[in-house]
Amino acid sequence: MGMSQVIADVLERSSRLREAKKGNEANTKALLIEPVLRGLGWDTDDLDAVQREVKVFEGTYLDYALIVAGGTSLYVEAKGLKENLNDKKFIAQTVNYANNDGVVWCVLTNGLQYRVFKTNGACGNGPEAPV
């Protein structure tokens, strides 16, 4: 399936989730985020490529670690469909997870919006670009 079809399917699912008021984080991950990851070429069934619920520090867990050549390349923190990605606590959480583990790139997403952060700046103040 091509990426344009993945996006069309995600948009349709997001409308259904909103109408049903079921856009919680678990549904957002399963129905919106994971199809996008697969569409981008990540094998979500391969534990050597995509790890879920990764313990990052002191009992906190990151939603996804994307792995290339045995090393973590990207952290992805998921929020429910209705969450505002401009919330500074969500941004700080995402960037802190990556900074603490030495991961340079991280993404904060609610399944429709994707915000990409480069973490080698001051925590929460590094360069960012909405995707």
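A residue is termed buried when its relative accessible area is under 20%, exposed when that area is over 50%, and partly exposed in between. In the predicted model described here, both Lys 79 and Glu 77 are buried. The side chains of these two residues, Lys 79 and Glu 77, are joined by a salt bridge with an N to O distance of 3.2 Å. The strands are described below, followed by the charged pairs and the aromatic residues.

Strand S2, which spans residues 60-68, pairs with strand S3, residues 71-78. The pairing is antiparallel and extends over five bridges. Within it, Leu 66 lies opposite Leu 74 of S3. The hairpin formed by S2 and S3 has two residues between the strands, and in this hairpin Ala 69 adopts a positive phi near 50°. Strand S3 also pairs with strand S4 (residues 105-109), here in the parallel sense and over five bridges. Val 76 has Val 107 in S4 as its bridge partner. Between S3 and S4 the chain passes through helix H3, residues 88-101, and the resulting β-α-β crossover is right-handed.

Side chains of opposite charge can pair when their charged atoms come close. Across the whole structure, eight salt bridges are found. One of the salt bridges connects Asp 63 with Lys 29, whose closest N and O atoms are 3.0 Å apart. This contact links distant parts of the chain, with Asp 63 in strand S2 and Lys 29 in helix H2 (residues 25-39), at a separation of 34 residues. Asp 63 has a relative accessibility of 3% and therefore counts as buried. Lys 29 is likewise classed as buried, because its relative accessible area is 14%, below the 20% limit.

A further salt bridge is formed by the side chains of Glu 83 and Lys 82, with an N to O distance of 3.9 Å. Glu 83 has a relative accessibility of 29% and so counts as partly exposed, whereas Lys 82 is exposed, with a relative accessible area of 73%. Salt bridges with shared partners also connect Glu 25, Lys 29, Glu 53 and Asp 63 into one network.

Among the aromatic residues, the count of ring pairs comes to one. The pair consists of Phe 57 and Tyr 97, whose ring centres are 5.8 Å apart and whose planes meet at 70°, so the arrangement is edge-to-face. An angle over 60 degrees is required for that class. The pair links distant parts of the chain: Phe 57 belongs to strand S1 (residues 50-57) and Tyr 97 to helix H3, and the two are 40 residues apart. Phe 57 is partly exposed, with a relative accessible area of 29%, while Tyr 97 is buried at 5%.

Another aromatic residue, Phe 117, is located in strand S5, which comprises residues 114-118. Phe 117 has a relative accessibility of 2% and is therefore counted as buried. Phe 117 and Leu 31 are separated by 86 residues in sequence and by 23 Å in space, taken from C-alpha to C-alpha.

How values were computed. Residues numbered from 1 in each chain as written. Predicted model: local features only at pLDDT ≥ 70, side-chain atom pairs only at ≥ 80, totals over all residues. Heavy atoms only, no water. Pairing = 2+ DSSP bridges. Helix = DSSP H or I, 4+ residues; strand = E, 2+ residues; numbered from the N terminus. Right-handed = clockwise from strand over helix to strand, strands pointing away. Salt bridge = Lys/Arg side-chain N within 4 Å of Asp/Glu carboxyl O. Buried < 20%, exposed > 50% of the residue type's maximum accessible area, 1.4 Å probe, protein only. Phe/Tyr/Trp six-rings, centres within 6.5 Å; stacked < 30°, edge-to-face > 60°.
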